[in-house]
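Here are some notes for anyone opening this one for the first time. Have the model on screen and follow along point by point.

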Amino acid sequence: MASFPVINMKKLNGEERAATMEKIKDACENWGFFELLNHGISPEFMDTVERLTKEHYRKCMEQRFKEMVASKGLEAVQSEINDLDWESTFFLRHLPVSNIAEVPDLEDEYRKTMKEFAAQLEKLAEHLLDLLCENLGLERGYLKKVFYGSKGPTFGTKVSNYPPCPQPDLIKGLRAHTDAGGIVLLFQDDKVSGLQLLKDGEWVDVPPKRHSIVINIGDQLEVITNGKYKSVMHRVIAQTDGNRMSLASFYNPGSDAVIYPASALVEREENKDLYPKFVFEEYMKLYAGLKFQSKEPRFEAMKAMENTPNLGPTAIV
């Protein structure tokens with residue numbers, strides 16, 4: 001099997017640009033994942049983000065997680081657990097409105113750092129969307145415009161820790177799923193692994209690399225590209241030793257953004273538009289109950305809704 005795609009973004013500025021763009025294209029079409037090096041966020045700043053995230057877990061979340069494990073008797077489970085993930089998480093919302101000031105237990109330095117980290121990731125996400133537009137032959141800014149809706153994109157970070165697990169064969173760190181949104185930017189622990197993606201029927205490790213950002217394609221980009229780029233099933237395997245840090249930032253369409261295959265891509269395809277047209281918020285309502293199932297029935301359900309005459313007030317904004 002070909003090795004996991006790693007993209008050195010420095011090469012986009014020189015004579016290796018065409019080869020690097022081709023590598024990104026291949027990753028989007030055949031992996032749904034790739035890893036970025038030299039992405040513009042400084043290693044020193046990433047070290048600060050990591051240090052503060054791990055400190056916050058130790059001070060504010062570790063004990064809570066241990067109490068949850070004890071209360072559910074998870075250390076002594078005998079059979080596979082399918083309705084729970086071995087993770088300790090909280091969520092930061094950045095756009096359209098930030099909640100960083102309201103999240104309890106965050107120290108001022110951590111709030112300030114995460115706000116700055118989000119601003120840099122937002123810039124990187126928008127740069128990546130333009131690179132994808134270029135590879136797809138879409139006009140520059142097309143994806144950002146589709147994501148915009150009336151209030152701009154939705155952007156947030158899921159801060160997770162995956163503590164050591166005594167029964168990793170019975171409890172997943174995070175059960176297999178595809179991501180519902182647009183594009184995901186992941187800053188993961190470089191010492192403790194666990195993230196895997198499904199490729200050609202086999203689970204493949206996403207290699208932890210220091211100071212890298214892992215990118216994966218969400219369901220919305222699969223729809224907009226009419227299936228040219230695919231969202232891919234992935235999971236986190238809990239480890240018996242080591243606490244794995246994961247900061248996954250989701251750059252998604254705005255809640256009222258209307259998502260549908262780009263007409264320029266549909267025209268080039270023989271099979272025309274394979275995917276439905278829907279409002280992003282409606283898809284998220286459906287996803288909430290079906291996250292850990294395959295994506296195809298979700299697309300079918302949205303297609304059925306699209307073909308059902310709406311007798312009430314119009315849902316399309």
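1. Let's begin with the enclosed space. The largest cavity comes out at about 80 Å³, and keep in mind that this is a predicted model. There's one cavity of 30 Å³ or more in the structure.

2. Who surrounds that cavity? Its lining is made up of Leu-52, Glu-55, His-56, Lys-59, Cys-60, Glu-107 and Tyr-110. Helix α2, which covers residues 43-72, is the top contributor to this lining, with five residues. Sorted by class, the cavity lining has three nonpolar, one polar and three charged residues.

3. Now for the open space. The largest pocket holds about 590 Å³. It is lined by 37 residues, and those closest to the pocket centre are Phe-91, Lys-158, Asp-179, Ala-248 and Phe-250. By class, the pocket lining splits into 18 nonpolar, 12 polar and seven charged residues.

4. Which strand supplies the largest share of that pocket lining? That would be β4, with six residues. Plenty of other elements chip in: among those giving at least two residues each are the strands β3 (88-95), β9 (213-217) and β11 (244-252), along with the helix α7 (280-290).

5. Next, take a look at two helices. Helix α1 (residues 17-30) packs against helix α3 (residues 108-136) at an angle of about 90°, and their axes are 10 Å apart. Angles of 65 to 115 degrees count as roughly perpendicular, and α1 and α3 are therefore roughly perpendicular to each other.

6. If you want to find where these helices touch, pick out Arg-17, Met-21, Ile-24, Lys-25 and Cys-28 on α1; they meet Leu-131, Leu-132, Glu-134 and Asn-135 on α3. The contact of α1 with α3 has five nonpolar, one polar and three charged residues.

7. There's also an open sheet worth tracing. Its four strands run in the order β5-β10-β7-β8, and the pairing is antiparallel. β5 and β8 (202-205) sit at the edges with a single partner strand each, so one side of each has no neighbour in the sheet. On average, neighbouring strands of this sheet are turned by 25° against each other, direction ignored.

8. Finally, zoom in on one pair from that sheet. Strand β7 (residues 195-199) pairs with β8 in the antiparallel sense, over four bridges. Which residue in β8 is the bridge partner of Lys-199? Look for Glu-202.

Technical notes
Residues numbered from 1 in each chain as written. Predicted model: local features only at pLDDT ≥ 70, side-chain atom pairs only at ≥ 80, totals over all residues. Heavy atoms only, no water. 1 Å grid on protein atoms, 1.4 Å probe; cavity = no way out; pocket = protein on both sides within 12 Å on 5 of 7 lines; lining within 4 Å. Points joined across faces, edges and corners; volume = space filled by probe spheres on them. Nonpolar A, V, L, I, M, F, W, Y, C, P; charged D, E, K, R; others polar. Axes fitted to C-alpha atoms, helices over the stretch in contact; angles between N-to-C directions. Parallel < 35°, antiparallel > 145°, perpendicular 65-115°, else oblique. Contact = heavy atoms within 4.5 Å. Pairing = 2+ DSSP bridges.
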